[in-house]
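Hi,

Here is the structure I said I would pass on. Have a look at it first, and then read my notes underneath.

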Amino acid sequence: MDEDLAALFKLVDSHIKGNSDSKDDQFKRFLCTLEKKYEKQKEFIRNLGCNAHVGLEEDEMADALIPGDLLSSAEKYKAVKTTANGDCLYNAASLTLVGNESYATLLRLLVALELVLNADFYVQHPKCTYFPAGGRHPNTVFSLCLTNSSNKVFHDTEHDKKFAILSEAWVASKPKEWSGYFHLKALATVLARPVFSSYPNCQTWIRDFLHGIIYPQMATFSVEPVFLLWSREGSDNRPGAWYEPNHSVPLYSAEASEGIDALKKEDLPKTLVRDEKKTKPVSTNAANMASPQVLSQLSKGEEKNKTSNYEESRVRKFHNASTQMSSTHIHTLMSSRQMVLSNQCSAMHVHSWQRRHLVQTYQRKVEQKSLRLKS
């Protein structure tokens with residue numbers, strides 16, 4: 001994946017500087033090959049939830065910057081600590097998907113591809129086209145969305161917007177390089193879900209433009225948005241200066257977190273609630289989910305074997321827990337157990353077809369146990 005990202009960076013850089021038609025054909029063939037190569041990975045991340053970061057280490061400084069006019073002003077939101085290494089936008093998105101930052105490189109590559117392949121769409125992006133700029137020139141609004149290097153390209157090429165978008169793809173294909181608003185727009189399409197761009201409260205037209213929901217370009221997408229905050233790492237001692245973000249962190253609803261804790265402790269039968277003191281924290285990703293590199297090489301046989309081992313382990317534990325239960329108790333517990341399993345699979349990002357298979361398997365095992373007890 002790192003090699004593909006480096007190759008994309010080199011070709012985009014060469015394309016921006018200008019080359020012959022033969023090189024242009026080579027560039028297009030490479031893009032098509034790369035898009036096809038990562039098609040399954042893109043589909044996979046689009047099927048993930050976006051709440052894996054709930055309950056992770058809190059960023060108290062970012063908490064103070066969270067505005068009060070998000071989608072639901074009645075809810076309180078919390079920020080999650082994110083590594084500030086130039087990849088913070090992709091680190092933040094990865095945290096929402098899998099609970100850690102292992103997918104940052106994959107997301108950076110997919111965003112770069114999205115910008116190159118659909119440059120014409122981003123030149124006329126609805127957010128730039130329909131924003132009531134209050135008398136500001138359209139080029140000023142477009143320039144605000146660009147990173148510093150792409151903004152220079154935009155002015156050096158006499159406001160060539162397509163070249164500026166290609167420059168943003170160049171930025172996206174360079175590891176540890178800061179991202180801008182166009183990368184946020186492309187990320188929404190990569191994830192196939194809305195991204196809520198959360199900008200701290202400040203009295204500027206910039207905030208009016210950057211704060212709000214960004215929709216992906218496809219017609220059908222998930223309705224559950226990802227909340228990302230334009231945060232800041234370190235202090236800013238410039239007197240009278242406008243707020244200048246230099247970091248991105250994911251947000252989650254505090255009420256949602258409390259609801260998950262209540263579900264674990266109150267809504268489930270006591271026989272299914274494990275003692276927190278005796279239970280080690282579940283690894284956010286490493287123990288439950290393959291990394292992008294492993295995912296691309298994982299065969300169907302290995303995936304089936306992984307699911308089967310997990311299923312057998314869970315069936316064994318449930319069988320031991322239910323050996324002393326009556327038939328009536330088992331039937332009462334069955335629906336609750338299915339709910340627990342479904343929630344666990346969702347938290348561990350198991351595919352929907354695997355989740356259905358596991359729940360059906362548990363139901364079958366419980367029924368068989370019930371028949372044996374009756375006899």
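Let me start with a single residue: Ala 7 counts as partly exposed, because its relative accessibility is 27% (buried is under 20% relative accessible area, exposed over 50%, and partly exposed in between, using a 1.4 Å probe and protein chains only). Ala 7 belongs to helix H1, residues 2-17. Helices (H or I, at least four residues) and strands (E, at least two) are DSSP runs, numbered from the N terminus. Between the C-alpha atoms of Ala 7 and Phe 30 there are 9.2 Å, with 23 residues separating the two along the chain.

Before going further, some ground rules. This is a predicted model, in which local features need pLDDT of at least 70 and side-chain atom pairs count only at pLDDT 80 or more, while totals for chains, interfaces and linings use all residues. Residues are numbered from 1 along each chain as its sequence is written, and side-chain values use heavy atoms, with hydrogens and water left out.

Now the overall picture. The protein has 375 residues, and 44% of them count as buried. Its secondary structure comes to 18 helices and five strands. Taking contacts (heavy atoms within 4.5 Å) with a separation of 6 or more, 70% are between residues 24 or more positions apart.

The sheet is a good place to get your bearings. Its five strands form an open sheet in the order S1-S5-S4-S2-S3, with mixed pairing; two strands pair if DSSP finds at least two bridges between them. Strands S1 (77-79) and S3 (212-214) stand at the edges with a single partner strand each, so one side of each has no neighbour in the sheet. From one strand to the next, the twist averages 35 degrees. (Axes are lines fitted to C-alpha atoms, for helices over the stretch in contact, and angles run from 0 to 180 degrees between N-to-C directions.)

Strand S5 (residues 247-253) pairs with S4 (residues 226-231) in the antiparallel sense over five bridges, and Ser 231 stands opposite His 247 there. S5 also pairs with S1, again antiparallel, over three bridges, and Tyr 252 in S5 is the bridge partner of Lys 78. How many of the residues of S5 are buried? Seven of its seven. Both faces are covered, with His 247, Val 249, Leu 251 and Ser 253 on one side and Ser 248, Pro 250 and Tyr 252 on the other.

Two helices sit against this sheet. H5 packs on it, touching S4 and S5, and its direction makes about 20 degrees with that of S5. H12 (residues 181-191) lies across S2 (195-198), S3 and S4, and runs at about 165 degrees to S4.

Within H5 (residues 88-98), take a look at Thr 96. Thr 96 is buried, because its relative accessible area is 1%. Leaving out residues up to four places away in sequence, Thr 96 touches Gly 49, Cys 50, Asn 51, Ala 52, His 53, Val 226 and Pro 250.

In the loop between S1 and H5 you'll find Asn 85. Asn 85 is partly exposed, because its relative accessibility is 27%. With residues up to four places away in sequence set aside, Asn 85 touches Asn 91 and Lys 176. Asn 85 and Lys 176 are 91 residues apart in sequence, yet 6.0 Å apart in space, C-alpha to C-alpha.

Helix H6 (residues 104-117) is worth a look too. H6 has 14 residues and reaches 20 Å from first C-alpha to last, close to the 20 Å expected at 1.5 Å a residue (the expected span is 1.5 Å times one less than the number of residues). Why is H6 largely enclosed by the rest of the structure? Because twelve of its 14 residues are buried, among them Arg 108 and Glu 114.

Finally, to return to Asn 85 for a moment: if you want one spot to start clicking, its contact with Lys 176 is a handy choice.

Cheers
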